[in-house]
Amino acid sequence: MAQSFARNFTIRNVLLAGILLMLAGDFMFALNDAMGKWLVASFSVGQVVLIRSIGAFFVLGPMIANQGAGKLFQMERPVLQLLRVVATTLDTGLFYAAVVYLPLADVMSFYMAGPIYVAALSHLLLGEKVGWRRWLAILVGFCGVLIILKPSSAAFSLSSTYALIGSVAFGFAIILGRRLRGTSDTTLVTWQTIGTLIVGGALTIGAWRTPTALDFGAMLLLGVVSCAAHLMITRALKLAPASTLAPLHYSLLLWAIVFGLVFFGDMPSSRILIGSAIVVLAGIFIFHRQKVVETVVPPENVPKGVN
């Protein structure tokens, strides 16, 4: 009896730790997004991405040393690794390009459709069976995306296009991550960081603006915050079921609204709120159906931080 009680108590504590880490990681990602929006208002996207990538190595450095630098080159499926780096670089760069002109909540609304893209792409690229209920949820989710996008000549903007393409790249990155399950998180994150560093450096040519010590520190901190958030969510997925954590990830949208309102005075329109609600509900239903069909939801399906 005592052993059973102790075991249940431990399980509850581990589950609670996973939930708290997920919420903390999402908060850190939202903070990262708000900081990024503030910085790209004064500096080019390339410069922010470049220095942010350098900052990420303050976190990645000890992880690489622990794993061994040689293992970074012992990669499975190099072509897929390269495609993932391209997808994550597009995801990051286009996110920052979009928030230059769009409110945080608007851009985040596109990225909340990640699970919907993953469900559709899993069928098309991985040959995974998707039942009619999930296909219906995918279609409903796309309708939500169209409401957010409002594809008319009067409302369609280049920034919206950046957010849409970036969110699709995010979905591709998740799919490719599922194909590369044998690769460690350290290797995956290191190479995607190197990718953003190279592209950021190229985009900075001719667009460099000397930052103050405060701005330079903020850009470095951006990389530290995003890396820390990624590690929190990765650890959370090892402590609690993905089906439990998946709905919590949508707290990112709530934080985006709060930070957008507090720091930038941006209040999402009713159209954005309605479209976001449709996307979130469709995403949660897809996770629910996946749990019903497969019993266990693969952790790679949980939407990770967009940048």
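**Exercise 1. Determine how helix α3 and helix α4 are arranged in this predicted model, and which residues bring them together.**

Solution. Begin with the geometry: helix α3, spanning residues 78-99, packs against helix α4, spanning residues 104-111, at an angle of about 150°, and their axes lie 9 Å apart. The model is a predicted one, and the next step is to classify that angle. Angles over 145 degrees count as roughly antiparallel, and α3 and α4 are therefore roughly antiparallel to each other. The handedness is then added to the description, the crossing of α3 and α4 being right-handed. On the α3 side the contact is made by Asp91, Leu94, Phe95, Ala98 and Val99, while α4 contributes Leu104, Val107, Met108 and Tyr111. Sorted by class, the contact of α3 with α4 holds 8 nonpolar residues, no polar ones and 1 charged residue.

**Exercise 2. State how many residues of α4 are buried, and name them.**

Solution. The count comes out at 8 of 8 residues buried, so that α4 is mostly covered, where buried means under 20% relative accessible area. The buried residues of α4 are Leu104, Ala105, Asp106, Val107, Met108, Ser109, Phe110 and Tyr111. For the chain as a whole, 49% of the 307 residues count as buried.

**Exercise 3. Carry out the analysis of Exercise 1 for α3 and helix α7.**

Solution. Helix α7 covers residues 158-179, and its axis and that of α3 come within 8 Å and cross at roughly 150°. With the cut-off for roughly antiparallel set at over 145 degrees, α3 and α7 are therefore roughly antiparallel to each other. The crossing of α3 past α7 is left-handed, whereas that of α3 and α4 is right-handed. Among the α3 residues that meet α7 are Leu80, Leu83, Arg84, Ala87, Asp91 and Leu94, and the α7 residues involved include Tyr162, Ile165, Phe170, Phe172, Leu176 and Arg179. In the contact of α3 with α7, the residues divide into 15 nonpolar, 4 polar and 3 charged.

**Exercise 4. Describe the surroundings of Thr190, and decide whether this residue is buried or exposed.**

Solution. First place the residue: Thr190 belongs to helix α8, which runs over residues 185-204. Its relative accessibility is 1%, and Thr190 therefore counts as buried. Once neighbours within four places in sequence are set aside, Thr190 is in contact with Phe57, Leu60, Ile64 and Leu72.

**Exercise 5. Find what is noteworthy about the phi angle of Arg77, and where this residue lies.**

Solution. Most residues other than glycine have a negative phi. The phi of Arg77, however, is near 50°, which is a positive value in a residue other than glycine. Arg77 is located in the loop between α2 (45-67) and α3, and with a relative accessible area of 41% it is partly exposed.

**Exercise 6. Establish how many disulfides the structure contains, and compare the accessibility of Cys143 and Cys227.**

Solution. A disulfide is a covalent bond between the sulfur atoms of two cysteines. The search over the whole structure returns 0 disulfides. As for accessibility, Cys143 has a relative accessible area of 45% and is partly exposed, whereas Cys227, at 7% relative accessibility, counts as buried.

**Exercise 7. Summarise the secondary structure of the chain and the sequence range of its contacts.**

Solution. The chain has 12 helices and 0 strands. Turning to the contacts with a separation of 6 or more, 88% of them in the chain are between residues 24 or more positions apart.

Key
Residues numbered from 1 in each chain as written. Predicted model: local features only at pLDDT ≥ 70, side-chain atom pairs only at ≥ 80, totals over all residues. Heavy atoms only, no water. Axes fitted to C-alpha atoms, helices over the stretch in contact; angles between N-to-C directions. Helix = DSSP H or I, 4+ residues; strand = E, 2+ residues; numbered from the N terminus. Parallel < 35°, antiparallel > 145°, perpendicular 65-115°, else oblique. Left-handed = near helix turned anticlockwise from the far one by under 90°. Contact = heavy atoms within 4.5 Å. Nonpolar A, V, L, I, M, F, W, Y, C, P; charged D, E, K, R; others polar. Disulfide = S-S within 2.5 Å. Buried < 20%, exposed > 50% of the residue type's maximum accessible area, 1.4 Å probe, protein only.
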